[in-house]
Amino acid sequence: MTFLSATLDRVKPSPTIAVTTKAAELKAAGRDVIGLGAGEPDFDTPQNIKDAAIAAINAGKTKYTAVDGIPELKQAICAKFARDNGLTYSPAQVSVGTGGKQVLYNAFMATLNASDEVIIPAPYWVSYPDMVLLAGGTPVTVEATLEANFKITAEQLEAAITPKTKWFLFNSPSNPTGAGYSWDELKALTDVLLRHPHVWVMTDDMYEHLAYDDFAFCTPAQVEPQLYDRTLTVNGVSKAYAMTGWRIGYAAGPEALIKAMRKVQSQSTSNPCSVSQWAAVEALNGTQDFLAPNNEIFTRRRDLVVEMLNQAPGIVCPKPEGAFYVYPSIAECIGKTSAGGALIENDEAFATALLEEKGVAVVFGAAFGLSPNFRVSYATSDEALKEACQRIIDFCNALK
Ligand SMILES: Cc1ncc(COP(=O)(O)O)c(C=O)c1O
């Protein structure tokens, strides 16, 4: 339709939302469907955070606020960066938006010109390339293979950098693989960036607190302080605090960049929800005691899913360091035919047949830029996970 913007031709709607919608449709039609597509914890928002929001409503904190965040929240964010990451920021270096998604989008809108390149390790969170395209830039993907534990190497990063590279986008622990870079692995990448002063780092630390076993989270400006002046550190309350619907994300970085991002936000959405900002103050300043028990639950579920999926013929499922996803390979299933007669020619066909024949909704790997794989979100009950994994095993056992 010519009425629509040409820019829109370059982007696609979110495939993760498409899977969730299709699963909901089947469920509504009476089918027994287990959804492993959603990227959000199944836990409720902690009570102290809800109480802070209710108190904010009752106190009349229901009006417009400063465009990129109330001073109390900016202070809480500065304290969080100091406490968790050893990073010193002033409130003027902090931006708060309607979810990490808006903050990332603001940053691209504020910085990208036509022909600017953004290096994105693949598999990636589905929104990264499309956000870059919407902002007029060019995504450049670098493949992080299963054999490399879904992490890119210094050599790959070096080879991807050109004079047009503006940003290196980093995400650890990762959506969709759960892979987390150790200090040494990240240092190898930051060493490359030191040699290329025109490249800035945008790090998406959304899954910082969802780290298991002995994995120690680290972030680029912490690992290499010389990158501090060209790093935007993005984070949010959605995942760790089970606050996806509240829509609060934030970033810290050089003041001039933060100011430019504020300009973008001021002409689009203005401030994020005032009540949610007060809830986020409590999330960051209040007790963090629920993080450890939640992580115990996630660790148990991860182990269960990895163990069961590796029993399915044709599936190889590595055990990741964090987040709540696994990203198994189905290379050995390609070319086979399902019990229902579907030819598994790629991972999309696998996911479609699995949903139609076994009622298990997963997101196919092509959506994340690395195939043939699929993503499982294990942010759901142990019972549902066991049943879903058994159905996946049965599905694979029947492949011919
Ligand atoms: C890697 C990553 N970054 C950012 C986001 C956005 O989070 P929100 O906008 O809910 O803060 C998500 C959500 O799925 C994500 O997986």
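Around the ligand there are 13 residues, of which G99, G100, K101, N175 and S238 come nearest. The model is a predicted one. Helix α4 supplies the largest share of the shell around the ligand, namely three residues. Sorted by class, the shell holds nine polar, two charged and two nonpolar residues.

For the wider setting, UniProt, in an unreviewed entry, places the feature "domain: Aminotransferase class I/classII large" at residues 32–392. Over residues 32–392 the chain is 38% helix and 14% strand. The C-alpha atoms at the two ends of this stretch are 14 Å apart.

One of the helices in this range is α2, residues 47–58. Its twelve residues reach 16 Å from the first C-alpha to the last, close to the 16 Å expected at 1.5 Å a residue. Just after α2 comes G60, with a positive phi of about 75 degrees.

Next come the strands around β8, residues 249–252. G249 and A251 point one way from β8, while Y250 and A252 point the other way. All four of these residues are buried. Strand β8 has pairing to both β2 and β7. With β2, residues 94–97, the pairing is antiparallel over four bridges, and G97 has G249 as its bridge partner in β8. With β7, residues 231–236, β8 also runs antiparallel, and four bridges join the two strands. On this side the bridge partner of N235 is Y250.

The loop between β7 and β8 contains A242. The phi of A242 is near 50 degrees, a positive value in a residue other than glycine. A242 counts as buried because it has 21 C-beta neighbours inside 10 Å, and the cut-off for that class is 20 or more.

A second positive phi of this kind belongs to S115, at about 80 degrees, although S115 is not a glycine. S115 is found in the loop between α4 and β3. Is S115 buried or exposed? S115 is exposed, because 10 other C-beta atoms lie within 10 Å and a residue is exposed at 12 or fewer. Most residues other than glycine have a negative phi, and most peptide bonds are trans.

Peptide bonds are the next topic. The bond from S172 to P173 is cis, with omega near -10 degrees. The bond from N175 to P176 is cis as well, with omega near 25 degrees. P173 lies in the loop between β5 and α7, the latter being residues 183–194, and P176 lies in the loop between β5 and α7 too. N175, where the second of these bonds starts, is also one of the residues that come nearest to the ligand.

Strand β5 also takes part in the packing around helix α5. In α5, residues 127–134, the buried residues are Y128, P129, M131, V132 and L133. What do the buried residues of α5 pack against? They pack against helix α4 (99–111) and against the strands β3 (117–122), β4 (138–143) and β5 (165–171). Just after α5, G136 takes a positive phi of about 95 degrees.

A residue of helix α6 gives a contrast with V132, which is buried in α5. E155 is found in α6, residues 154–160. E155 counts as exposed because it has 10 C-beta neighbours inside 10 Å. Along the chain E155 and V132 are 23 residues apart, and their C-alpha atoms are separated by 24 Å.

The last element to follow is an open sheet of three strands, in the order β9-β12-β11, with antiparallel pairing. Strands β9 (325–326) and β11 (363–364) stand at the edges, each with a single partner strand, so one side of each is left without a neighbour in the sheet. Strand β12, residues 374–377, is joined to β11 by two bridges, and these two strands run antiparallel. Within this pair, F364 stands opposite F374 in β12.

Technical notes. Residues numbered from 1 in each chain as written. Predicted model: local features only at pLDDT ≥ 70, side-chain atom pairs only at ≥ 80, totals over all residues. Contact = placed C-beta atoms within 7 Å. UniProt positions renumbered as here; feature names shortened; annotations may be inferred. Expected span 1.5 Å × (residues − 1). Pairing = 2+ DSSP bridges. Near = placed C-beta within 6 Å. Nonpolar A, V, L, I, M, F, W, Y, C, P; charged D, E, K, R; others polar.
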